[in-house]
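Got your viewer open? Let's take a walk through this model, one selection at a time.

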Amino acid sequence: MRELNMTAPGKFRWVERPKPTLVHDDDVIVRPYIVGRCDGDQIPTSAALLRVVRYAQKARLLDPILREGFGPKPYAEPCAIGHECVAEVVEAGPGVTEVAVGDKVVVPYQVSCGQCEMCGRGKTGLCSTTRREDTGNTRLLSWYGHGAATGPYGGMASDFLRVPYANHMLIRIPDGLDPLRVAAASDNLSEAWRCTVPHLRTRPGAKVLVVAGLLPAVGLYAAGIAAAEGAEVDYLDSNPRRLGIAESLGAVARKRSKLIRFPKPHSLYDHSLYDHSLYDIVVDASNLQTGLLHAVRSAAPGGACVIPSYHLAAYTGVPMMHLTFNDLNLHVGMSHPATSLPEVLEWVKNNDFPAEKVTTALVDWDDAPERYAGRTTKLVLHRPPLT
Ligand SMILES: [Zn+2]
Ligand SMILES: [Zn+2]
């Protein structure tokens, strides 16, 4: 079978691999037919960015936990890629009761058992079983599509994929929901949902700011989801196409001139600047230190600052006293799609949420090697399902 691999920084090709087989009674084999490119895949798709990350890690400029998660050489080649997919079940072990051959499902990007204490608390991204499984060693992350350091699970841009703990892992797509709408549900869409909906429930009528940037799809999904929940949403970005998409999703587009240009650092410490533009909920999807500081300084007293961004640097300069005196809550952490997906998929269906508007490149499956590294906000691979 064919599996899409990064074979050199920013370079992709189909690699022949043996088709996965059922290992445990509750395993299934799925055939992905829609694969979303996560915002995080900007690192392996950009040769320059990947080289900078590898160099910075060696030079100890990044947080040391990155080495624990991604290994001494992040995305070490050959790296099977893709960790967002909609798939159809093609084979199921004798212990599988919750899905059947032919079902259309979403596969969460984190592998979790559904039975350990962490999974019981809904923290499936921290599953204590899969952190040990297969290698005998403790592994920090058990993820699809991030290279061997995150486990032996492979990438989702693949003809077939083995999913362990399938009774718990696989979430069926509700009837009547267009699968292309939830191409990113495995990761980015669930991430945007957890950054907005739970916070809006505790702050009805909230004013929301999305600081966009290097997590372009997460920022757009977050803006759209918050607007669909009835919030007043400002979406701050420099990219004209994304500003247009944000507007079409019900947010107010606020243009800034350059991707990395936020108010000058010294003015970030002038509180009066923000007196008239404070927000109850701020989502930092910038992946930039200046964006993070802008987000923190834009939150209203008592507000929530939610950070889906990956701030890789060892030092981020978060102004702690500003958070303290404004009683701001900084929400970092990760999403746990194996837990939240049933609710996320129902939410998308019930709100008729047009998540597919964020897809800026719908690419034929066979063209993946040439197109996967393309510069576009949200790339989605697709091929027809078998049934
Ligand atoms: Zn991701
Ligand atoms: Zn578990």
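Start by selecting Asp327, which has 9 C-beta neighbours inside 10 Å and therefore counts as exposed. (Buried means 20 or more other C-beta atoms within 10 Å of a residue's own, exposed means 12 or fewer, and partly exposed is in between; C-beta atoms are placed from the backbone.) You'll find Asp327 in the loop between helix H10 (320-325) and E14. Helices (H or I, at least four residues) and strands (E, at least two) are DSSP runs, numbered from the N terminus. Asp327 is not a glycine, yet its phi is positive, about 50°. Most residues other than glycine have a negative phi, and most peptide bonds are trans.

Before going on, a word about the model: it is predicted, so local features need pLDDT of at least 70 and side-chain atom pairs count only at pLDDT 80 or more, while totals for chains, interfaces and linings use all residues. Residues are numbered from 1 along each chain as its sequence is written, and chains are lettered from A and ligands numbered from 1 in the order in which they are written.

Next, Tyr75. Is Tyr75 buried or exposed? Tyr75 is buried, because 24 other C-beta atoms lie within 10 Å. Tyr75 sits in the loop between H3 and E4 and has a positive phi of about 55°, although it is not a glycine. Stay in that loop, between helix H3 (65-70) and E4, and pick Pro78. A cis peptide bond, with omega about -5°, links Glu77 to Pro78.

Now show the strands. One open sheet has three of them, in the order E2-E1-E4, paired antiparallel. (Strands pair if DSSP finds at least two bridges between them.) Strand E1 (residues 2-8) is joined to E2 by six bridges; try Arg2, whose bridge partner in E2 is Glu16.

Another open sheet has six strands, ordered E11-E10-E9-E12-E13-E14, with parallel pairing. At its edges are strand E11 (252-255) and strand E14 (329-331), each pairing on one side only. For a bridge to look at, select Asp237, which stands opposite Lys255 in E11.

Zoom in on Ile281, in strand E12 (residues 279-284). Why does Ile281 count as buried? Because it has 27 C-beta neighbours inside 10 Å. Among the residues Ile281 touches are His199, Leu200, Val208 and Ala304, leaving aside residues up to four places away in sequence. (Contact means C-beta atoms, placed from the backbone, within 7 Å.)

Over to the helices. Helix H7 (residues 216-228) lies across strand E9 (207-211), E10 and E12, at about 165° to E10. (Axes are lines fitted to C-alpha atoms, for helices over the stretch in contact, and angles run from 0 to 180 degrees between N-to-C directions.) H7 also packs against helix H8 (residues 240-248) at about 25°, with axes 9 Å apart. H7 and H8 are therefore roughly parallel to each other. (Under 35 degrees counts as roughly parallel, over 145 as roughly antiparallel, 65 to 115 as roughly perpendicular and the rest as oblique.) To see the contact, select Pro216, Leu220 and Ala223 in H7 with Arg242, Ile245 and Ala246 in H8.

Last stop: helix H6 (residues 188-202) and helix H11 (residues 337-350), whose axes come within 10 Å and cross at roughly 80°. H6 and H11 are therefore roughly perpendicular to each other. The residues to select include Trp193 and Val197 of H6 and Leu341 and Trp347 of H11.

Key: Contact = placed C-beta atoms within 7 Å.
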